[in-house]
Structure formats: structure tokens, C-alpha cells
Amino acid sequence: MTTTLDHAPATRTWGLAFAVWACGLAAFQLALALGAPWGEAAWGGQTEGVLPTGLRVGSAVATVVWLGVAAIAVGRLLGPTGRRRTLLGVTIYSAAGIALNALSPSATERAIWVPGTALGTALAWLAWREARAART
């Protein structure tokens, strides 16, 4: 005998919340790649104004990566195992990012990205737990 709960779709609430965060980060990186004068808020805060070409290319690549991570978080790429592994990896990567952002010589970068990365880390961890519990 089956119940209604046996057929309930897996929840992706935290995955969606993390994906929104990742899309926000992708939008920031895209703006940098397109020439937004926010260099002191990114890449170690080593550049005031518009980033040099190499870092703008890095921001363009980061845009694509974060959009891909967002798609994975909501279950659109890689399947259940890939989703769980990616979310765990992003959780670990983002946790390290908190420390790296805290060490930035840029006060602007520290003010924005220490709390921003902490939020992203928490959302990635919650999304990973959700995916692990649902096995989806």
C-alpha cells in the first residue's frame, strides 16, 4: 500500500534559495566583466574602478560557473548525486572564502563579502542537507 507521501515531489526550497544567491553573485561578476567600476569589491580589492582585462575575463568565467552551480542546486544539471556532491563542494569552498575575504586588504570587499559569503555558505549547506535527506 502506498500513501500520498510516497509520491510527493522532493523539496528544493533551500536549493532554490541558494540558487537565487548564486545568481546574484553571477550578476555581480557579469557586471564586473562588462566594466562596472567595482574593482575594490572583488578579486582581493587590488584594483580601484574597472578591472583589468585578465580579471574581467576571470569574472566572465565566474559568471558562467555560478550560473551552472545555480542550475545544479535546483536539480537542472548533473542529477541527484552530482547535485549533492556539488552542493557539498560549494559549501566547503564558500567556507574557505569567508576566511579569504576576511583577509582581504580591501575594507569594501571585507564589508560586502564576509557576510555575503557566510550567507552563501549557510544556504549551500542547507541545500546539501535537503538534497541528502531527499536523495534527489
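**Entry 1: aromatic pairs**

Rings of Phe, Tyr and Trp (for Trp, the six-membered ring) make a pair if their centres lie within 6.5 Å. With that in hand, I searched the whole structure, which is a predicted model, and got 4 aromatic pairs.

I looked up phenylalanine 18 with tryptophan 21. Their pair is stacked, with 5.7 Å centre to centre and 25 degrees between the planes. Where do phenylalanine 18 and tryptophan 21 lie? Both are in helix α1, residues 13-33, and they sit 3 residues apart, about one turn of the helix. I checked their surroundings too: phenylalanine 18 and tryptophan 21 are both buried.

Next I followed tryptophan 21 to another partner, tryptophan 66. That pair is edge-to-face, at 5.7 Å centre to centre and 85 degrees between the planes. Tryptophan 66 belongs to helix α2 (residues 53-73) while tryptophan 21 is in helix α1, so this pair ties together parts that are 45 residues apart in sequence.

I wanted numbers for the burial, and the cut-off is under 20% relative accessible area. Tryptophan 21 comes to 15%, so tryptophan 21 counts as buried. Tryptophan 66 is at 10% and is buried because that value is also under the 20% cut-off. My note to self: Phe18, Trp21 and Trp66 form one aromatic cluster.

**Entry 2: the salt bridge**

How many salt bridges does the structure hold? I found 1. The side chains that meet in it are those of arginine 83 and glutamate 130, at 3.7 Å from N to O. I put arginine 83 in helix α3 (residues 79-102) and glutamate 130 in helix α4 (residues 107-134), so the pair ties together parts 47 residues apart in sequence. In general, side chains of opposite charge can pair when their charged atoms come close.

Are the two partners buried or exposed? Glutamate 130 has a relative accessibility of 10% and counts as buried. Arginine 83 is buried as well, with a relative accessible area of 1%.

**Entry 3: how α3 and α4 pack**

Since the salt bridge joined these two helices, I looked at their geometry. The axes of α3 and α4 come within 8 Å and cross at roughly 160 degrees. Angles over 145 degrees count as roughly antiparallel, and α3 and α4 are therefore roughly antiparallel to each other. The crossing of α3 past α4 is left-handed. I then sorted the residues of the contact of α3 with α4, which gave 14 nonpolar, 6 polar and 6 charged.

**Entry 4: a loop residue**

I stopped at valine 74, which is in the loop between α2 and α3. At 23% relative accessibility, valine 74 counts as partly exposed, because that class begins where buried, under 20%, ends. Which distance did I get from valine 74 to glycine 15? They are 5.2 Å apart in space, C-alpha to C-alpha, although 59 residues separate them in sequence.

**Entry 5: the whole chain**

Last, I zoomed out. I counted 4 helices and 0 strands in the protein chain, and along the sequence the pattern reads α-α-α-α. The C-alpha trace spans about 65 × 25 × 20 Å along its principal axes. Of the chain's 136 residues, 40% count as buried.

Terms used
Residues numbered from 1 in each chain as written. Predicted model: local features only at pLDDT ≥ 70, side-chain atom pairs only at ≥ 80, totals over all residues. Heavy atoms only, no water. Salt bridge = Lys/Arg side-chain N within 4 Å of Asp/Glu carboxyl O. Buried < 20%, exposed > 50% of the residue type's maximum accessible area, 1.4 Å probe, protein only. Axes fitted to C-alpha atoms, helices over the stretch in contact; angles between N-to-C directions. Parallel < 35°, antiparallel > 145°, perpendicular 65-115°, else oblique. Left-handed = near helix turned anticlockwise from the far one by under 90°. Nonpolar A, V, L, I, M, F, W, Y, C, P; charged D, E, K, R; others polar. Phe/Tyr/Trp six-rings, centres within 6.5 Å; stacked < 30°, edge-to-face > 60°.
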